[in-house]
Amino acid sequence: KTTVTSEDLKHKISKIRRIFDLNYVENLQPDNNYVQKYYNVNKLAYSLFHTSSDRMYMGVSRVGIYKPEDLLEAARFVEKYIRELSAKLVLELATGRGATCAYLAKKFPEITFEGIDLSPAQLNFALKKAKKFPNYHPIIGDYHNLSRFKANNFDIVFEIEAVCYSRNKRKVFNGAKRVLKKGGVFILFDGYLRRDRSTFDERELLAVKVTEKSMAVPEFEAYSQVLEEAKKSGFKIIYSEDVSRFIMPTLKKFENLAKRFFSHPMLANIVTKLLPEKFTFNAISGYLMPNLISLDISCYYITVLERR
């Protein structure tokens, strides 16, 4: 096993500086409009460089080697809770391209799946899938506002790598609690900081900032802080699993692509002038994320919250 050090992070940041103005990147302020544009610009890129399955999130590779079916971890996890709770109504926040709900809607034709997403570019894929599954209903909207959904109505609410984009997680938790039945669950597959950013040195903090901004994330928060917000909203934590090491095979795929980019600075500089920054910035997060996980700066958790 190769040991990743702070010097490795320093070396990578140095290579990134040859291509990007990191002061500009770290001071970006992604809002909803920025996030919408980000997903629109990266519509094709996600299919080409990640997966053609429309499952645009981390694979959880429990055996340590990436396989395409690892992208089904979240869907299978939600499926387990559907069976345990005999669920009839399920809501996905940031339903994206609809891959997870479509998978579940096919397995459970008797169950209704609702989805809400901010990005029209992403939702267009979901709407096409919904034509094949009459029990899947994706709509445009902001998951901070679930007022269109009845209170005490859903058995399960879930999200995959979406709440990290929120600047007001208490509002998200309050909304999810309102629409869930008592005993219902909110399932989160998401990334966080492992500890408060005030504990990071200058280099670590820069790496965190440029990584989050390159992904259009306003600011990653410490996992413990997010759990506190969930508790204050009235949720009970019934499951919490650190799967950071299991997403490394997916991250290594992205890192290998980014290495090629940063290994040819002359060509990379030409590419950055020709292509939108919201596309080329992905090279930054692809390059740094494995280091942030290995250095225990960032983490990735599966969390289940029960509505009390």
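Reader: Let's start with one residue. Not counting residues up to four places away in sequence, which residues does T280 touch?

Author: Bear in mind that this is a predicted model. In it, T280 touches F20, V271, T272 and L275 once those sequence neighbours are set aside. T280 is found in helix α13.

Reader: And is T280 buried or exposed?

Author: The cut-off for buried is under 20% relative accessible area. T280 has a relative accessible area of 5%, so T280 is buried.

Reader: T272 came up in that contact list. How do I read the helix that holds it, and which residues of α12 are buried?

Author: Start with the general idea. An α-helix has 3.6 residues a turn, so residues three or four places apart point the same way. Now the case here: α12 spans residues 265–274, and its buried residues are P265, A268 and T272. They cover an arc of only 55 degrees around the axis, which means they sit on the same side of α12.

Reader: What do those buried residues pack against, and what is on the face turned away from them?

Author: The buried residues of α12 pack against α11 (248–262) and α13 (277–280). The face turned away from the buried side carries the exposed residues M266, L267, K273 and L274.

Reader: Now the interior. How many residues are in the largest nonpolar core, and which touch the most other members?

Author: That core has 105 residues, and those touching the most other members are I82, F113, I156, F186, I187, F262 and I284. Strand β5 (residues 180–193) gives the most to this core, with eight residues.

Reader: Take I187 from that list. Leaving aside its neighbours within four places in sequence, what is I187 in contact with?

Author: I187 is in contact with F77, V78, Y81, I156, V157, F158, E159, T303 and V304. I156 is on the list of core residues touching the most other members too.

Reader: What about gaps inside? How many cavities of 30 Å³ or more are there?

Author: The count comes to two. The largest has a volume of about 40 Å³, and the second largest about 30 Å³.

Reader: Which residues line each cavity?

Author: V163, C164, K169, D190, G191, Y192, E219, F220 and E221 line the largest cavity. By class, that lining has four nonpolar, one polar and four charged residues. β5 turns up again, giving the most to this lining with three residues. The second largest cavity is lined by Y57, M58, V60, L71, E73, A74, I160, F189 and Y300. That lining divides into eight nonpolar, no polar and one charged.

Reader: What should I look for in backbone angles?

Author: Most residues other than glycine have a negative phi, and most peptide bonds are trans. In this model, S86 has a positive phi, near 50 degrees. A216 has a positive phi as well, near 70 degrees.

Reader: Where are S86 and A216, and is each one buried or exposed?

Author: S86 is in the loop between α5 (73–85) and β1 (89–93). Its relative accessible area is 53%, so S86 is exposed. A216 is in the loop between α9 (202–214) and α10. At 0% relative accessibility, A216 counts as buried.

Reader: One last residue: where is K231, and what does K231 touch?

Author: K231 is in helix α10 (residues 223–232). At 40% relative accessibility, K231 counts as partly exposed. K231 touches I237 and R308, not counting residues up to four places away in sequence.

Note on methods: Residues numbered from 1 in each chain as written. Predicted model: local features only at pLDDT ≥ 70, side-chain atom pairs only at ≥ 80, totals over all residues. Heavy atoms only, no water. Core = buried A, V, L, I, M, F, W, Y, C linked by side-chain atoms within 4.5 Å. Buried < 20%, exposed > 50% of the residue type's maximum accessible area, 1.4 Å probe, protein only. Helix = DSSP H or I, 4+ residues; strand = E, 2+ residues; numbered from the N terminus. Contact = heavy atoms within 4.5 Å. Arc of directions from axis to C-beta. 1 Å grid on protein atoms, 1.4 Å probe; cavity = no way out; pocket = protein on both sides within 12 Å on 5 of 7 lines; lining within 4 Å. Points joined across faces, edges and corners; volume = space filled by probe spheres on them. Nonpolar A, V, L, I, M, F, W, Y, C, P; charged D, E, K, R; others polar.
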